[in-house]
Amino acid sequence: MLLKPDQRLKLDDTDDNLFYAYPRFVTHVDEGFIQQLTGLYREKLQPNTRILDLMSSWVSHLPEEINFAHVEGHGLNAEELERNPRLNHYFVQNLNENPGLPLPDQEFDAVLNCVSVQYIQYPEAVFSEIHRILKPGGVAIISFSNRMFYQKAIQAWRDASEPGRLELVKRYFASVPGFSTPEIIARKATIPNILQWLGAPGGDPFYAAIAHKQLTIDS
């Protein structure tokens, strides 16, 4: 297994469904991060394709000018997902209890995960599911910053440095045969950590790992 049992632990091990029971109509990263993410989506996503926004909320940060054939949303709070104007459909499911996605094989052109990968306790299973539902050549985009609900992030993530977290996501992809070597984007914070902690804008680091489902698996 990719992670040891203790590396999957959370400081708050109560039911995730309880933690996310109340909607949070806020953005968990600053405007600079959001602009970079939308720009990345604009570069990597194609019009009239099928998108899964995994662990989504009330906003998906997709480019307004691009129309998609279908955007499926997933998350833990139905009120947030219902408010998201880009979703054509959504479902609620706790991936830490059941990582199996109720979606057909090779159904999506892209799977997106924004600032949520740190909460996944069984990434091997979830990334295997991402691979399963992607079409050959489809893209997975995992983005994150240094913010989190600390008590709900797994120990492996809490203990890692920011470069270490990028390596962790790369290992998640590598644990599943059939993903390309991820393209990495790493843009560090532009202001000191202390100012970030005090809530100063404009300083969130932007990290992303982009991998494709290979057309064939090398033997």
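Helices (H or I, at least four residues) and strands (E, at least two) are DSSP runs, numbered from the N terminus. This is a predicted model, where local features need pLDDT of at least 70, side-chain atom pairs count only at pLDDT 80 or more, and totals for chains, interfaces and linings use all residues. Residues are numbered from 1 along each chain as its sequence is written, and side-chain values use heavy atoms, with hydrogens and water left out.

**Exercise 1.** Find how many helices and strands the protein has, and their order.

*Solution.* Start with the count: there are 7 helices and 7 strands. Then walk from the N terminus, where the elements run α-α-β-β-α-β-β-α-β-α-α-β-α-β.

**Exercise 2.** Work out what share of the residues is buried.

*Solution.* Take the cut-off to begin with: buried means under 20% relative accessible area, with a 1.4 Å probe and protein chains only. By that rule, buried residues make up 49% of the 219 residues.

**Exercise 3.** Describe the largest nonpolar core and name the helix that gives the most to it.

*Solution.* A nonpolar core is a set of buried Ala, Val, Leu, Ile, Met, Phe, Trp, Tyr and Cys residues joined through side-chain atoms within 4.5 Å. The largest one has 36 residues, and Leu-52, Leu-54, Val-117, Ile-130 and Phe-173 have the most contacts inside it. Elements that each supply at least two residues include strand 1 (50–54), helix 4 (123–133) and strand 7 (206–212). Helix 6 gives the most, with 5 residues.

Next, look for a separate core: a second one of 22 residues includes Leu-37, Leu-40, Leu-45 and Ile-210.

Conventions:
Buried means under 20% relative accessible area, exposed over 50%, partly exposed in between (1.4 Å probe, protein chains only).
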